[in-house]
Amino acid sequence: MNRPLLFLDVDGPLNPYAAQPERRPAGYTTIRVPRNDGTPEASGGLTDRRRPLRVWLNPGHGRALLGLGYELCWATTWMGDANRWIAPVIGLPELPFVDFGDALFRERPDGVHWKTGPLVEYARGRPFAWVDDEQSDLDQAHVTAHHPGPGLLHHVNPRIGLREDDFRTLARFAEALGTPPDAG
């Protein structure tokens, strides 16, 4: 039996970027990610003219996510860069990612989030949960109308990131699909 997919956003669920500035949440560590503005430099394309991006990550999240019984997949603007910067800090292996291509940041006239269509397409009818801080009722309606399998859109507050209640909700959804949690 295939496990359901768990689409993971980084900024909001894993990186509570909207927390009070300069007050790292308890249990989180800070990483600084160089910003790439497209200017090739001796540092391999990364520029030091702009301040690095501050990212707060909880090293315990990887183990908790791996134990839920899902196949994990990045669903973030970080795309493949999440494997370089995020996965090692939280203890995840390299994960597949949704390549949003031309849909990246493209506003839709129907108000559906630009990630929603590509995620439904990527899932191809397979059950999934999507953890993000930017979903709306329009996204749920789109998933219900265009995805034949079960789909959970789980909103996470970007001020606090993933919490125990979020993990319990995700575990219950997987269990309701008959997916046992992974031992871990």
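# Report on strand β5 and its surroundings

Leaving aside its neighbours within four places in sequence, V131 is in contact with L6, F7, L8, D9, P13, H154, V156, L162 and L170, where contact means heavy atoms within 4.5 Å. The model is a predicted one, in which local features need pLDDT of at least 70 and side-chain atom pairs count only at pLDDT 80 or more, while totals for chains, interfaces and linings use all residues. Residues are numbered from 1 along each chain as its sequence is written, and side-chain values use heavy atoms, with hydrogens and water left out.

## Strand β5 and its partners

V131 belongs to strand β5. Helices (H or I, at least four residues) and strands (E, at least two) are DSSP runs, numbered from the N terminus. With a relative accessibility of 0%, V131 counts as buried. The term buried means under 20% relative accessible area, exposed means over 50%, and partly exposed lies in between, as found with a 1.4 Å probe on protein chains only. Although V131 and V156 are 25 residues apart along the chain, their C-alpha atoms are separated by 6.8 Å.

Why is strand β5 described as largely enclosed by the rest of the structure? Five of the five residues in this strand, which spans residues 128-132, are buried, so the rest of the structure largely encloses the strand. Both of its faces are covered: F128, W130 and D132 are buried on one side, and A129 and V131 are buried on the other.

Strand β5 pairs with two other strands; two strands pair if DSSP finds at least two bridges between them. Strand β1 (residues 5-8) runs parallel to β5 and is joined to it by four bridges. Strand β6 (residues 151-155) is also paired with β5 in the parallel sense, over five bridges. A129 of β5 has L6 opposite it and also stands opposite L152 in β6. W130 has L153 of β6 as its bridge partner.

Helix α5 (residues 137-146) joins β5 and β6 in a right-handed β-α-β unit. Such a crossover is right-handed if, with the strands pointing away from the viewer, the path from the first strand over the helix to the second runs clockwise.

## Helix α6

Helix α6 consists of 13 residues, 164-176, and reaches 18 Å from its first C-alpha to its last, close to the 18 Å expected at 1.5 Å a residue. The expected span is 1.5 Å times one less than the number of residues. The buried residues of α6 are D166, F167, L170, A171, F173 and A174. Seen down the helix axis, these buried residues of α6 fall within an arc of 160 degrees, so they line one face of the helix; the arc is that of the directions from the axis to the C-beta atoms. An α-helix has 3.6 residues a turn, so residues three or four places apart point the same way.

The buried residues of α6 pack against β1, α1 (61-66), β5 and β6. The face turned away from the buried side carries the exposed residues E164, D165, R172 and A176.

## The nonpolar cores

A nonpolar core is a set of buried Ala, Val, Leu, Ile, Met, Phe, Trp, Tyr and Cys residues joined through side-chain atoms within 4.5 Å. The largest one has 30 residues, of which L6, L65, Y70, W74, I86 and L92 touch the most other members. Which element gives the most to this core? Helix α6 does, with five residues. Separate from this core is another one of 15 residues, among them L5, M79, V98 and L119.

Leaving aside neighbours within four places in sequence, the contacts of Y70 include L6, A129, L170 and F173.

## Helix α4 and positive phi angles

Helix α4 (116-123) is mostly covered, with six of its eight residues buried. These are T116, G117, P118, L119, V120 and A123, and they pack against β1, β5 and α5.

Most residues other than glycine have a negative phi, and most peptide bonds are trans. The table lists two residues that have a positive phi although neither is a glycine.

| Residue | Phi | Place | Relative accessibility |
|---|---|---|---|
| F105 | about 65 degrees | loop between α3 and α4 | 55%, exposed |
| R124 | about 50 degrees | loop between α4 and β5 | 73%, exposed |

G178, just after α6, also takes a positive phi, of about 85 degrees.
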